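Welcome! Take a moment to look over the structure below, turn it around, and then let us walk through a few of its details together.

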Amino acid sequence: MGRQKVALSSGCVTWAFLKRRPCASDAVGLGSRHQGNSFLRLRCCRWRAGRVLKRASSFLPGEDVKSPRSVISPDVSKIRNIGIMAHIDAGKTTTTERMLYYSGYTRALGDVDDGDTVTDFMAQERERGITVQSAAVTFDWKGHRINLIDTPGHVDFTLEVERALRVLDGAVAVFDASAGVEAQTLTVWRQAEKHRVPCVGFLNKMDKPAASLTLCLESIRQKLKANPVLLQLPVGTGRNFSGVVDLLTNQRLTWKPTDDGRVYHAAPLGESREEEAELLREVRRARSALIEQVADLDDDFAELLLTDFGHDFDAVPSVRLQEAVRRVTLTRKGVPVLCGSSLRNKGVQPLLDAVAAYLPSPDDGPHDLARRHEDELCALAFKVLHDKRRGSLVFLRIYSGTLRAQAAVRNLNRNSTERLSRLLVPFADQHVEVSSMTAGNIALAVGLKQTATGDTIVSSKGSAARRARTDAVLSGVEVPDPVFFCTIEPPTLAKQADLESALNNLQREDPSLKVRTDPDSGQIILCGMGELHIEIIHDRIRREYAIETQLGPLQVAYRETVLRRASATDTLERTVGEKRHVVTVELAVRPAEERAAAASAGSCQVALAEEAAATLSEEMREAVENAVRGSYLQGPLLGSPLQRVSTLIRCVRTEAGTSPAMVSACVSRCMLKALRLAGGQVLEPVVSMEVRVEEEHLGAVLGDLAQRRGTVRDIQSRHWEKVLLASVPLAETRGYSTALRTLTSGKATFSMELDTYRAMSAQEQNALVKRTAGLL
């Protein structure tokens, strides 16, 4: 990354090196609009330099920015592996940017709208102003080493949140103070609950006119079913928001509205003449409520209050209260909640203090499986990137032992040995090389060409018995099934191999992207999590691999099931060479029970009757089960995968010499016959949608949702807006963003997440089948 020399004053020329990250508009502004015009290019460069200088004006001459190489390596108890998670546009990246700035690792305050933040370094992210892929940064704060991952908030990139939370010890949940818990907030919260990740809440955007502390706390209780433990009270509302009151220390923290927020004033309550009596009363009530709430959640703190501070609960030292809040956080009985406004540079330093004080260290996490490796290396690969210069970059969470550059490591999932060529400390897209990294940290490894997301890495020189044990493999990352697909074609046949190589690299980076080849047409099918997901993939192929591909129309990934029980029998007689193969199969299919389907996430089951289980060899049994599971991949109506189907193999009779391949073929043919007899039912994906609209446009939006076969579940009032909660078929949401902007003159927003698969009506199903067959 380039650095620019800029004069800091007109009186005397003082030079300073300013951090300048190129934004997406630079290429456009300097490449096309100003191409061939040196005067315009010079003026544009001066304007950009002036804008960077304005942001960096708080640094004194000679003061330099820290390098990731200078990050401290403290005891493991001082390490925090955290993620920033939230609904889209809640302020995750802006909060991350302030953390890096206040910890001294960036010289300028980046802005999402300007496209110059540290963690949003992809061109697609800077153009759209959203986070597309998770980015890791490492910095230190008051003696703690913080490994932070900034995650996306868009539903199409949920996998990025999933694999980040899989390896993190704690998380910061950012809420828009004017909206509270939103649709994607629920999704990422459920992911954190699944991985048992303790969280700290940050009510961002407290400077907005509609910000409401009460609304946020109530939505956390009602929607997330969590216990918010309020640690701060905001001072002022809307534009008058000036700081917070720390309820643990009874200190008022105030930021000036005009500076960069690096310096703030902390003073005990009651020392200022301007202190309002109402604020004092509110703080006393809030602190008493905090002490009572923590006592209810932590038995040790309750005993302390009763034995030592029974005469006056308010006299409990802030240190003892802080220790109790940490225990409550680690046991996930409560969520500490802080307030601030990242964009206005207020409240971020106390949030960093809370990360160090309340979120767990690597030793506090339940890593029982990793402890089996004792002091030997054990790490989990949770993300892969492809770099044109370095090749494959693999993100590793080290659970035990020490990872060293040039070391040979063993991949337990692939039973292979590889050698690390280099080891890096991640810092967005700028990495610093190191010789080794210890347990508890997040590392970036170069040279692991076979390792993929979810693989367990151990030392190649470790115990042979431990390396051979399959129960030593760490649990990987759950990858959701894609819901949209379309064809993708290269511009010429000469680019076919390049396209396949690009797609292989992108699949390795993003396991939620699936690529398959249509068996009939030979076309490449791109399967993704949504319109934006596929759009980003297409754009990356064009920019990063210089292939001008063509996308076909976007289609929805349907599922199929059966309506009733059906039985079928089939016999296959075939002579191959001098061998005669004869097999007879009898089986039955039926809709799976609701409990069984739910327990297996809607998948299909296969079982063998006693007669079949007793007569089949292990090889034949495997052939039968593989044939049944293969039949589940293609339903009789649309050729879509099946869900909620159970198959019972009643009898398999074979003559001597019959091969497993023939048994498998007969079972497949019998399955197709039974599925057709059972009657097919198409299941369409349904999304849960939240639309925020002004009341004057409410009728138009409701009418449009009705035309899209949507079902409105609830209409809530939030300040001057109406919030519609609806269930809409995914197929009907294509182009909804443009339609909503047209209906409301750009005054409405919406978000959605995949909810479930629902049976289509007979009329809609018949129309879909005919349309797929080309009859409509």
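## A hairpin to start with

Let us begin with one pair of residues: V515 has L526, in strand β26, as its bridge partner. The two strands here are β25 (residues 514-517) and β26 (residues 524-528); they run antiparallel and are joined by four bridges. Between the strands of this hairpin there are six residues, and G522 takes a positive phi near 80°.

Keep in mind as you read that this is a predicted model.

## The whole protein

Now step back. The protein contains 22 helices and 37 strands. Of its 776 residues, 53% are buried. Take the contacts between residues at least 6 apart in sequence: 72% of them join residues at least 24 apart.

## Strand β5 and its partners

Next, find strand β5, which covers residues 144-150. How many of its residues are buried? Seven of its seven residues are, so the strand is mostly covered. In a regular strand, side chains alternate between the two faces of the sheet. You can follow this in β5: H144, I146, L148 and D150 point one way, while R145, N147 and I149 point the other way.

Strand β5 pairs with β3 (residues 79-86) through six bridges, and these two run parallel. Within that pairing, I82 is matched with L148 of β5. Strand β4 (residues 135-141) is joined to β5 by seven bridges, but here the strands run antiparallel. F139 has I146 as its bridge partner in β5. Together β4 and β5 make a hairpin with two residues between them, and K142 in the turn has a positive phi of about 50°.

## A buried arginine

Look again at R145, which sits in β5. Which side chain of opposite charge is nearest to R145? That side chain is D140, at 7.9 Å. A salt bridge needs a nitrogen and an oxygen within 4 Å. R145 is buried and has no salt bridge. The side chain of R145 does make a polar contact of 2.9 Å with the side chain of N441.

## Inside the cores

The largest nonpolar core has 87 residues, and M85, F139, V172, V294 and F301 have the most contacts inside it. Helix α8 (residues 277-297) gives the largest share of this core, eight residues. There is also a second, separate core of 38 residues, which includes F484, V556, A731 and L740.

V294 is a good residue to zoom in on, and you will find it in helix α8. Is V294 buried or exposed? Its relative accessible area is 1%, so V294 counts as buried. Leaving aside neighbours within four places in sequence, V294 is in contact with V229, F301, L321, A324, V325 and V328. One of these, L321, is 27 residues away along the chain, yet the C-alpha atoms of V294 and L321 are separated by 8.1 Å.

## Salt bridges

Side chains of opposite charge can pair when their charged atoms come close. The count for this model is 38 salt bridges. One of them joins K383 and E160, whose closest N and O atoms are 3.0 Å apart. K383 belongs to strand β14 (residues 378-387) and E160 to helix α5 (residues 158-167), so this pair links parts of the chain 223 residues apart. Both K383 and E160 are buried.

R650 and E586 meet in another salt bridge, at 3.9 Å from N to O. Here strand β33 holds R650 and strand β31 (residues 579-591) holds E586, with their places 64 residues apart in the chain. R650 counts as partly exposed because its relative accessibility is 29%, and E586 is partly exposed too, at 28%. R692 and E721 form a salt bridge as well, with closest N and O atoms 3.2 Å apart. R692 is in strand β34 (residues 680-694) and E721 is in strand β36 (residues 721-729), so the pair ties together parts 29 residues apart in sequence. R692 and E721 are both buried. Finally, E127, D539, R542 and R543 are linked in a network of salt bridges.

## Two positive phi values

Two loop residues round off the tour. A546, in the loop between α15 (531-544) and β27 (550-551), has a positive phi near 55° although it is not a glycine. A546 is exposed, with a relative accessible area of 53%. R644 lies in the loop between α18 (618-631) and β33 (645-654). R644 likewise has a positive phi near 55°, but R644 is partly exposed, at 25%.

Conventions: Residues numbered from 1 in each chain as written. Predicted model: local features only at pLDDT ≥ 70, side-chain atom pairs only at ≥ 80, totals over all residues. Heavy atoms only, no water. Buried < 20%, exposed > 50% of the residue type's maximum accessible area, 1.4 Å probe, protein only. Lys, Arg positive; Asp, Glu negative; His and termini not counted. Polar contact = N/O pair within 3.5 Å; in protein donor to acceptor, adjacent residues only side chain to side chain. Core = buried A, V, L, I, M, F, W, Y, C linked by side-chain atoms within 4.5 Å. Contact = heavy atoms within 4.5 Å. Pairing = 2+ DSSP bridges.
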